[in-house]
Amino acid sequence: MLKYVIKRILMIIPVVLAVSFIVFFIMDFVPSDPAVTALGDGATEEQLEYYRETHGLNDPLVVRYVRYMGGILHGDMGTSYANNQQVWDLFFAKFPNTLRLAVASVVVTVVLSIPLGVIAAVKENTWVDTVCSTLSFIGLAMPNFWLGLLLIMLFAVNLGLLPSTGADGFASLILPAITCGTGNMAALTRITRSSMLDVLKQDYLRTARAKGQSESKIITHHAFKNAQIPVVTQIGIQMSTLIGGAVLTERVFAWPGVGAFLVDSIQKSDFEVVTGFVIMLAIFVSIVLLIVDVLYAFMDPRIKAQYARS
Amino acid sequence: MKLNGKNGKSDTNLEQIREKTDLAVSVENLVVHYETSSETVEAVNSISFSLKKKRTLGLVGETGAGKTTAMLALMNMVPNPPGRIIEGEIRVNGLDMRKLTPAQLQHVRGSEIAMIFQDPMTSLNPVLTIGEQIGESILLHRNISKAEALKETQKLLERVGIDPERYGEYPHQFSGGMRQRVGIAIALACNPSVLIADEPTSALDVTIQAQILQMMRKLKEENDTSMILITHDLGVVAEMCDDVAVMYAGHIVEYGTLEEVFNKTKHPYTEGLFNSLPNINNRVEKLQPIQGLMPDPANLPKGCAFAERCPYASEACRENPPETHSFSDTHLAACTAYQDPDFRIGRNK
Ligand SMILES: Nc1ncnc2c1ncn2[C@@H]1O[C@H](COP(=O)(O)OP(=O)(O)OP(=O)(O)O)[C@@H](O)[C@H]1O
Ligand SMILES: [Mg+2]
């Protein structure tokens, strides 16, 4: 098992190398000059050339790439062209906010979707099933920015209960997490439902029933344990997407996360920031997927045995 | 695993509604259908039988005859939807299974009546250890601690011939025969007085089959269990059973003691079953399988379901449902041909 985890951690390295090279390569094609970004439109050609020379921008792509990757190993991802701050520092100023919002959103999604999906499966093809599925779609049907504004109007402006913007303590997390989390409900509810439907047909539930086990325990103890893997996979996918930033939600609530900042940086052609952020995000997404893989082993002894063999 | 308080003996009041009887099981006119939007499968069509205490009833019949469905009905466990018990009275140890509340049913299942399922590869939960799955029964029905339940589990494992130290392993770590033993241990965990064994050995090879049957007989005798044994194998019936019910297309077509059904066979279908057995002493002789197939239970004929395949069938057989004739207090056959008092089947084995 430990061997498997180590192997999986090592597999993150080629992923990061590939992602970083692709980002580097694409950024090289973008018809925009970092020197102009840094010095502004008023700079003379000499000043620009001096900037390019001192920042190594004139070196060939591969040289710049190797130098850049060497820097990362020391926690140096260069400085933002736009505001001269260290990219590393910028990332770790924003990322905790993103992570908090991502985790809170996933919690909202999970707490709502799993019961809905389980109930829908147990009551398959009845009105209860229809109600559960419809409820799960509400979040998807309402665009994030619209739901966000609605919640702000209700809870922040009218009732004055919760802050409308910023990342300031638990209270400020509630509205963004609801906005973001409900949007993912439909997918997770559907996967929970279909995974449970598969399991509910299985013979071993009959065995449990024949022992005299209660229906509720059969569902929670016997069936759901077997339905978890697709559910956790979907949660992992949603988590990865959220780590990349929930741009709309961040915009609406002025949430200081990586998503909105990354979009701004792309617009400003702040290449150092874009490259650094994308690489760091690739690393964190890989970690999430690794955690999901390891969780499989705890949910299914057959997978654990497979990991032990590999 | 938690002790389920609802199942505690105190609040199920079973003794007040239990009728005095010396029958372990009695079933009257049981009808079970599976109803889907496109068709109605008439899986069990008005069967009646009973099982006396400490005896073993063999239930034989080809695939799709409704054996498993009838036994699930006995535990009031027909999967709904699509299955539904349409009518009939089912009594287990004097309890009317169709009138029990869910809590009462949970109490009876596992402790008074238990079932060993057909396919050992799919009837165990793959993500729980075998110890958890056996211990679950014990914890549900007996007021003991987890540590004591573990000891009981290990004792059970030993009784069914599995190393008790393997209680922490998962089903995928066991062979089919071993899993069937686990299934038996689960069913026996609370010494049920009625045990249903649904083809407990048909997924296993012959040597393991013999071991498992021998073990089941020993356990049954130790605990004074009454048993219903479903099997395709007439040899197993001869070996294990006191009484025999032959099922065909959801009907019991012949019912009697082992001696009556085997030596005084009355129903042409039972005859066909015996005639289709290979004869080891005379291997040049050709097999004589019953020609044709059992009718689709979603589309049963209006007359006798066996008529199409029956060498004695007359027009009357195709037109009307078969009449039941009794040949002794215990021996019944559902066959119209016995209207003619001189009718004899021509069993040749
Ligand atoms: N869940 C179900 N839904 C619909 N039809 C079913 C269901 N379960 C069983 N049936 C049908 O009911 C009939 C009786 O099935 P049952 O499993 O009781 O037969 P069986 O005698 O146990 O057969 P086997 O020897 O193959 O186990 C069959 O035609 C089967 O297709
Ligand atoms: Mg069956």
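# Exercises on a predicted two-chain model

A:Ala254 is partly exposed, with 45% relative accessible area. The model that contains this residue is predicted, and the exercises below work through selected sites in it.

## Exercise 1. A backbone angle in chain A

Task: State where A:Ala254 lies and what is notable about its phi.

Solution.
- Step 1. Locate the residue: A:Ala254 belongs to the loop between helix H12 (247-252) and helix H13 (258-267) of chain A.
- Step 2. Read the backbone angle: phi is near 50° at A:Ala254, a positive value in a residue other than glycine.
- Step 3. Set this against the general pattern: most residues other than glycine have a negative phi.
- Step 4. Assign the exposure class: the relative accessible area of A:Ala254 is 45%, and the partly exposed class runs between 20% and 50%, so the residue is partly exposed.

## Exercise 2. A second positive phi, in chain B

Task: Determine whether B:Asn93 is buried or exposed, and describe its backbone setting.

Solution.
- Step 1. Locate the residue: the loop between E4 and strand E5 (95-96) of chain B holds B:Asn93.
- Step 2. Read the angle: B:Asn93, a residue other than glycine, has a positive phi near 50°.
- Step 3. Apply the cut-off: buried means under 20% relative accessible area. B:Asn93 has 10% relative accessibility and therefore counts as buried.

## Exercise 3. Cis peptide bonds

Task: Identify the cis peptide bonds that involve B:Pro81, and place the prolines in the chain.

Solution.
- Step 1. Examine the bond preceding B:Pro81: the peptide bond from B:Asn80 to B:Pro81 is cis, and its omega is near -15°.
- Step 2. Examine the bond that follows: B:Pro81 and B:Pro82 are also joined by a cis peptide bond, with omega about 5°.
- Step 3. Place the residues: B:Pro81 lies in the loop between H2 and strand E4 (83-92) of chain B, and B:Pro82 is found in the loop between H2 and E4 of chain B.
- Step 4. Recall the general pattern: most peptide bonds are trans.

## Exercise 4. The shell around ligand 1

Task: Describe the residues around ligand 1, their classes and the elements they come from.

Solution.
- Step 1. Take the residues: there are 16 around ligand 1, of which B:Thr63, B:Lys67, B:Thr68, B:Thr69 and B:Gln118 come nearest.
- Step 2. Sort by class: six residues of the shell are nonpolar, seven polar and three charged.
- Step 3. List polar contacts. The side chain of B:Thr69 places an N or O atom 2.5 Å from an oxygen atom of ligand 1. A polar backbone atom of B:Gly64 is 2.9 Å from an oxygen atom of the ligand. A nitrogen atom of ligand 1 lies 3.5 Å from a polar side-chain atom of B:Tyr34.
- Step 4. Assess the cover: on its own, ligand 1 has 630 Å² of accessible area, and the protein covers 70% of this.
- Step 5. Assign elements: strand E2 (40-52) and helix H2 (67-74) of chain B each give two or more residues to the shell. H2(B) gives the most, with three residues.

## Exercise 5. The magnesium ion

Task: Which protein atoms are donors to the magnesium ion (ligand 2), and why does the pair tie together separate parts of chain B?

Solution.
- Step 1. Name the donors: OG1 of B:Thr68 and OE1 of B:Gln118 lie 1.9 to 2.5 Å from the magnesium ion.
- Step 2. Place them: B:Thr68 lies in helix H2 of chain B, whereas B:Gln118 lies in the loop between strand E6 (113-116) and helix H4 (130-141), so the pair ties together parts that are 50 residues apart in sequence.
- Step 3. Classify exposure: B:Thr68, at 19% relative accessibility, counts as buried, while B:Gln118, with a relative accessible area of 28%, is partly exposed.

## Exercise 6. A helix residue in chain A

Task: Establish the setting of A:Thr179 and the contact of its side chain.

Solution.
- Step 1. Locate the residue: A:Thr179 is in helix H8 (residues 169-183) of chain A.
- Step 2. Classify exposure: A:Thr179 has a relative accessible area of 1% and is buried.
- Step 3. Find the contact: a polar atom of the A:Thr179 side chain lies 2.8 Å from the backbone oxygen of A:Leu175.

## Exercise 7. Domains of chain A

Task: Into which domains is chain A divided, and how far apart do their C-alpha centres lie?

Solution.
- Step 1. Give the bounds: domain 1 spans 2-87 and domain 2 spans 95-267.
- Step 2. Give the separation: the C-alpha centres of domain 1 and domain 2 of chain A are 36 Å apart.

Terms used
Residues numbered from 1 in each chain as written. Chains lettered and ligands numbered in written order. Predicted model: local features only at pLDDT ≥ 70, side-chain atom pairs only at ≥ 80, totals over all residues. Heavy atoms only, no water. Near = heavy atom within 4 Å. Polar contact = N/O pair within 3.5 Å; in protein donor to acceptor, adjacent residues only side chain to side chain. Areas by Shrake-Rupley, 256 points an atom, 1.4 Å probe, with all protein chains shown as cover. Helix = DSSP H or I, 4+ residues; strand = E, 2+ residues; numbered from the N terminus. Nonpolar A, V, L, I, M, F, W, Y, C, P; charged D, E, K, R; others polar. Domains from an automatic or database assignment. Donors = N, O, S within 2.8 Å, 3.2 Å for Na, K, Ca; no water. Buried < 20%, exposed > 50% of the residue type's maximum accessible area, 1.4 Å probe, protein only.
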